[in-house]
Amino acid sequence: MQTVPLVTYVRVSTSGQGRSGLGIEAQRHALAHFATAEGYDVVREFVEVETGKGSDALDRRPQLKTALATARKLKCQIGVAKLDRLSRDVHFVSGLMAHKVPFIVAELGSDVDPFVLHLFAALAEKERSLISTRTRQALSAAKTRGVTLGNPRLHVARKSALVAVKAGADRYAANVLPIIREAQKAGASTLRQIAEALNARGIPTARGGQWYAQSVANILERA
């Protein structure tokens, strides 16, 4: 099968691995899985390390600029692991689309068109705003109750919450894995075919959405 060239873009923050929780190697791993599953050949990779502070202007992203120019020259698409590796700002994402270079988000699948990417960006921006508001409200309520912010008990509570989230994700993966195995026995040999089988059976992802090749790969890795 002939592969299609793909330029990949990886971004992390200097203050950590970025809010998505994906570091450089994790993003590379996700993109490599996606490329193999979907028939792409990664011809160039661009890695951006930026502070994440200030406005999301393209001139603060020299590697993204170069990736755009390279993809335009090679007449190919740019792949990212998650949409927020481009930006969490819907206007910035809209501006990128104006460059007429198609973007592929591994987490969402190769069939998602620019219009849907705009929708996802808008939802992500709204979610970010809601999380920020809820966090401020929670901290304010805790302060009103007399809880000292930075108290070790809060750290323990956060850690316990993260453990609970991971345990829930592990349980979900364990429940879905037998269904994936059944689909494989029935002839689904690629990640995309498995995703189609899960969608056909009306089985939602852990977040209640549709299955894509990368979301199947995530379950298999966790399992």
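This text walks through a predicted model, starting with its nonpolar cores and ending with a pair of helices.

The largest nonpolar core holds 20 residues. Those that touch the most other members are Val7, Tyr9, Leu64, Ile78, Leu86, Leu96 and Phe103. Several elements contribute to this core: strand E1 (4-13), helix H2, strand E3 (77-80), helix H3 (90-97) and strand E4 (103-105) each supply at least two residues.

Helix H2 covers residues 62-74, and two of its residues can be looked at in turn. Threonine 70 lies in this helix. Is threonine 70 buried or exposed? Its relative accessibility is 13%, and because buried means under 20%, threonine 70 counts as buried. Leaving out residues up to four places away in sequence, threonine 70 touches Val7, Arg44 and Phe46. Val7 is also one of the core residues that touch the most other members.

Arginine 72 lies in H2 as well. Its relative accessibility is 42%, so arginine 72 counts as partly exposed. Which residues does arginine 72 contact, apart from its neighbours within four places in sequence? They are His99 and Val101. Arginine 72 and valine 101 are 29 residues apart along the chain, yet their C-alpha atoms are separated by 6.4 Å.

The loop between H2 and E3 contains lysine 75. At 75% relative accessibility, lysine 75 counts as exposed, because the cut-off for exposed is over 50%. The backbone here deserves a look. Most residues other than glycine have a negative phi. Lysine 75 is not a glycine, but its phi is positive, at about 55°.

Besides the core described above, the model has a second, separate core of 16 residues, which includes Ala173, Val176, Leu191 and Ala213. Two of these residues appear again in the helix pair that follows: Leu191 belongs to H6 and Ala213 to H7.

Two packed helices are described by the angle between their axes and the distance between the axes. For helix H6 (residues 191-200) and helix H7 (residues 213-222), the axes come within 8 Å and cross at roughly 95°. An angle of 65 to 115 degrees counts as roughly perpendicular, and therefore H6 is roughly perpendicular to H7. On the H6 side, the contact is made by Leu191, Arg192, Ile194, Ala195 and Leu198. On the H7 side, Ala213, Val216, Ala217 and Leu220 take part. What kinds of residue make up this contact? Eight are nonpolar, none is polar and one is charged.

Definitions and conventions
Residues are numbered from 1 along each chain as its sequence is written. This is a predicted model: local features need pLDDT of at least 70, side-chain atom pairs count only at pLDDT 80 or more; totals for chains, interfaces and linings use all residues. Side-chain values use heavy atoms; hydrogens and water are left out. Axes are lines fitted to C-alpha atoms, for helices over the stretch in contact, and angles run from 0 to 180 degrees between N-to-C directions. Helices (H or I, at least four residues) and strands (E, at least two) are DSSP runs, numbered from the N terminus. Angles under 35 degrees count as roughly parallel, over 145 as roughly antiparallel, 65 to 115 as roughly perpendicular and the rest as oblique. Contact means heavy atoms within 4.5 Å. Ala, Val, Leu, Ile, Met, Phe, Trp, Tyr, Cys and Pro count as nonpolar, Asp, Glu, Lys and Arg as charged, and the others, Gly among them, as polar. Buried means under 20% relative accessible area, exposed over 50%, partly exposed in between (1.4 Å probe, protein chains only). A nonpolar core is a set of buried Ala, Val, Leu, Ile, Met, Phe, Trp, Tyr and Cys residues joined through side-chain atoms within 4.5 Å.
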